Amino acid sequence: MVAACIYFLTKQYTPKIARENLTIATVQQGDIALMAPVFGEFASRYERLISAPDNGKVTEILLRGGETVTENTPIAILTNPDLTQQYQQQKTQLNSTTAQFTAFTLRQQNELLAEQGKQEDLIADIESLMLDVEANRKLAELGIAAKIDLERSELKLAQLNKQLERNRFRLESFIKMQQLEKQQQHMRLVAEQQNVANLADKMAALTIKAGIAGTLEKLDIELGQYVNAGQTLAKVGSSTDLIAKIRIPQSLAEKVQLD
C-alpha cells in the first residue's frame, strides 16, 4: 500500500511536454559575443573656437547657444569706431590717389605728344631741306647757283640729321623715364587699394560667423560688452560628424582592441 501511494503521488507531479513543442539543436563549440555594460555620450568631432578679430563692442547678438548654424551664419556683430574712421579716411585717400594717377597719365600723354611733335617737325624740316639741297645741286650743275649755297644747304642738312639722331635718343629715354614714373605711381595706387581692401576685410570680419556647420555650443558674450582682439566669443561644434565617448570599466579596458 505504501509503495502504491508513493507511485501515484510521484506520477501526479511529473511534468509533460508534447514532442512537437520541443526544439532540438546540435550543440556547437565557438566564441560567444559578450555585451559589456558601459555607457557614454556623443561629442562633436570638429569644434571651432571663435575669437574677436579686433577690439570692439557687441552691438547685436543674432543667435543663442544650442541653435543650428551653417558656415556663413552670422552669430553676432561688433562695432569699432576707430576702424570705421580709418576705413573712411583710407577710401578718401584712395580716391585722391586715383584722381592724381589719372591726371598724371594724361599729363604724360601730353608731354609725349609734344616730344613726338618736335621730332615730326624736325623730320619735316629735314625733308624740306633735302629738296633745297637737291635743287641747289641741279642749279649748281647748270651754273645758275653758286656752289657755296649748295655747301651751306648740305651742311645744314647734316646738322639737322645729327639733331634728329639726338632727338630720337632723347625721345627713347623720355619714354623709358615716363614708364618708370608711371610704374611708381601705379605701385602707390595698388598699395592704397590693398590697404582699403584689408580694412574692408577687417570691417566685414566684425560680423562674427560660425565658420563651420553644426551647433552653436557656447556663446561667451553679452550685448553691449567690450571685447579685445583674440578674446574667445563662442564655440561651434559639428552636429553630424560625431565621435562616441564610451566610459569603459577599468576591468574591461585591457580587453578592448581595434576593430
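**Note on the predicted model: salt bridges, sheet and overall form**

1. In this predicted model, a salt bridge joins the side chains of R247 and E41, with an N to O distance of 3.8 Å. R247 belongs to strand 10 (residues 242-247) and E41 to strand 1 (residues 39-44), so this contact ties together parts of the chain that are 206 residues apart in sequence. Both ends of the pair have some access to the surface: R247 is partly exposed at 43% relative accessible area, and E41 is partly exposed at 42%.

2. The R247 to E41 pair belongs to a wider set, for a search of the whole structure finds six salt bridges. Another of them links E217 and K235, whose side chains meet at 3.6 Å, N to O. This pair also connects distant parts of the chain, with E217 in strand 7 and K235 in strand 9, 18 residues apart. E217 is partly exposed, with a relative accessibility of 33%, and K235 is likewise partly exposed, at 22%. The two residues also take part in a network of salt bridges together with E47.

3. A salt bridge of another kind lies inside a helix. E115 and K118 form a salt bridge in which the closest N and O atoms are 3.8 Å apart. The two residues are three positions apart in helix 2 (residues 81-142), so about one helical turn separates them. E115 is buried, at 9% relative accessible area; the cut-off for that class is under 20%.

4. Four strands make up an open sheet, arranged in the order 2-9-7-4 with antiparallel pairing. Strand 2 (47-51) and strand 4 (68-69) are the edge strands; each has a single partner strand, so one side of each lacks a neighbour in the sheet.

5. Within this sheet, strand 7 (residues 214-219) and strand 9 (residues 232-237) are paired in the antiparallel sense through four bridges. In this pairing T215 faces G237 of strand 9, while K218 has K235 as its bridge partner in strand 9. K235 therefore has two roles here: it is the bridge partner of K218 and, through its side chain, the salt-bridge partner of E217. On the other flank, strand 4 and strand 7 run antiparallel and are joined by two bridges, with V69 opposite G214 of strand 7.

6. The secondary structure as a whole amounts to four helices and ten strands. Read from the N terminus, the elements follow the order α-β-β-β-β-β-α-α-β-β-β-β-β-α.

7. The overall form departs from that of a compact globule. For 259 residues such a globule would have a radius of gyration near 18 Å, whereas the chain has 48 Å. Along the principal axes, the C-alpha atoms fill a box of roughly 185 × 55 × 35 Å. Buried residues account for 22% of the 259 residues. The chain exposes about 19600 Å², of which carbon and sulfur atoms supply 54%. Among contacts with a separation of 6 or more, 82% are between residues 24 or more positions apart.

8. Confidence should be read element by element. The mean pLDDT of the chain is 86, and 92% of the residues score at least 70. Among the elements, helix 1 (residues 2-12) has the lowest mean pLDDT, 62, and strand 5 (residues 74-79) has the highest, 95.

Terms used: Residues numbered from 1 in each chain as written. Predicted model: local features only at pLDDT ≥ 70, side-chain atom pairs only at ≥ 80, totals over all residues. Heavy atoms only, no water. pLDDT = per-residue confidence, 0-100. Pairing = 2+ DSSP bridges. Salt bridge = Lys/Arg side-chain N within 4 Å of Asp/Glu carboxyl O. Buried < 20%, exposed > 50% of the residue type's maximum accessible area, 1.4 Å probe, protein only. Rg over C-alpha atoms; globule rule 2.2 N^0.38 Å. Contact = heavy atoms within 4.5 Å. Areas by Shrake-Rupley, 256 points an atom, 1.4 Å probe, with all protein chains shown as cover.
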